[in-house]
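Open the model in your viewer and keep the selection panel at hand. This is a short tour, one stop after another.

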Amino acid sequence: MLDTTTLRAAQYSWMADEPTIYLNAASVGPMPRVAVDTADAWSARRARPHAIPFEDLLDSAATARRQFAALVGADTEEIALMPNTTYGLNLAARALPLRPGVILAFDGEFPSCVYPFQALGSRGVELELIPRVNGLPDEEALVRAIVQRDDVVAVVVSWTQFATGYVADLARIGHACRSRGVFFIVDGIQGCGVRPIDLHALPVDVFASGAQKWQLGPWGTGFVYVRRDLVTALQPLDVGWACMKSTTDYTRLTEYEFDFFDDARRFEVVTLAYHDFAVANASTALLLDLGVANVAAHIEGLTARIVDWAQSRSDTRLVTPADPRRRAGVVSFAPTELDAMAARLTAAHVSHTVREGAIRLSPHVYNTIEEIDAVIGVLER
Ligand SMILES: Cc1ncc(COP(=O)(O)O)c(C=O)c1O
């Protein structure tokens, strides 16, 4: 069980001082105190770079890879540090050995699951969107298409959708892909840090996530997981100095040995944001320490209350699936009086977003059931 009171006092003391009820982790996760302190300390050090041992920089990156790996049940060698989710999805789009054919995705996905794959037209790879049913992804149709068609070369889905909060069944889709030799790519940002995941137990080939939302990290940090057997099979398309083995020895840089790292570091192209990753490390360590399973249970207690409320209202349509297995931290609902309800939330300092014609609430580990009840009170007014 999580001790939210202690967590809030230690990491989010501003929440006791301000009227804000922060229900917007699906947009930006608030950094915990420990991350803010790390940022301050690194900024001070950054002003005097000569005082930062080189090993500390390498350690910042190595710790980030190790902790992100722990967060998703991967090996460190399968993790490359990225500035965000979309870069990892681009890696999948451009480096996977895709033969000409069709990539399938759900209509309604965040654009980063769409544009990088639409861009492959000149290679004879077309993106096809599976139409929504009642506003939600049609997983039946997707799996049917994977197993029945011969032209499907890859599938890309969000683990959790940004607007509907729908959680895809990664095992089911992945097994269908695997049975047909189809690559399976996952945008993990709306699920990572909300729910536990064991990528080694799932038929996922590439999984990308930025750390700026549910992982409570700074902007500009994230990672991509590439399944071990694929790491050396992918030819990095962006080639820099940092993806080569020779990077580890600064005395040999001009020997120009064209030899990629054998692990996922081969996809890291440039000098890394050591400073920002050090901050992300503080946030990831906190999540790992709390235990993502505990975080998930806490969030489920909060989201279930919102789901129950939305279902009890005749003037409000629950957009997110009611089934707890099919939702994570995002709950969206569409009231008939959308603008008025959103305005009431804003006036009451409830941080939320309106996406695709619905109000989206996204509580995280620091929120309390009392806050959710207060928000429901505002919605009922
Ligand atoms: C599903 C999904 N993917 C990706 C992103 C953002 O991508 P990036 O981390 O590349 O900025 C968002 C942000 O809202 C998102 O909801």
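Start at the ligand in this predicted model. Select N84, T85, T86, F110, S112, S158, F162, D187, I189, Q190, G210 and G222: they surround the ligand. How does this shell divide into nonpolar, polar and charged residues? Colour by type and count three nonpolar, eight polar and one charged.

Next, select A208. This residue sits in strand β7. Is A208 buried or exposed? Buried, because 29 C-beta neighbours lie inside 10 Å, and 20 are enough for that label. Now show its contacts beyond four places in sequence: M82, T85, G88, L89, D187, G188 and V224. Two of these names, T85 and D187, you have already selected around the ligand. Then draw a distance from A208 to N84, C-alpha to C-alpha. The viewer should give 8.0 Å, for a pair 124 residues apart along the chain. N84 also belongs to the ligand shell.

Move on to helix α4, residues 54-72. Put a distance between its end C-alpha atoms: they are 28 Å apart. That agrees with the 27 Å expected for 19 residues, at 1.5 Å a residue.

Stay on α4 and select S60, A64, R65, Q67, F68, L71 and V72, which are buried. In an α-helix, residues three or four places apart point the same way, because there are 3.6 residues a turn. What do the buried residues of α4 pack against? Show strands β2 (79-82), β7 (206-210) and β8 (222-226), then helices α10 (274-290) and α11 (292-311). Strand β7 is the one that holds A208.

Last stop: G73, which follows α4. Check its phi, which is positive, near 70°.

Technical notes. Residues numbered from 1 in each chain as written. Predicted model: local features only at pLDDT ≥ 70, side-chain atom pairs only at ≥ 80, totals over all residues. Helix = DSSP H or I, 4+ residues; strand = E, 2+ residues; numbered from the N terminus. Expected span 1.5 Å × (residues − 1). Buried ≥ 20, exposed ≤ 12 C-beta atoms within 10 Å, placed from the backbone. Contact = placed C-beta atoms within 7 Å. Near = placed C-beta within 6 Å. Nonpolar A, V, L, I, M, F, W, Y, C, P; charged D, E, K, R; others polar.
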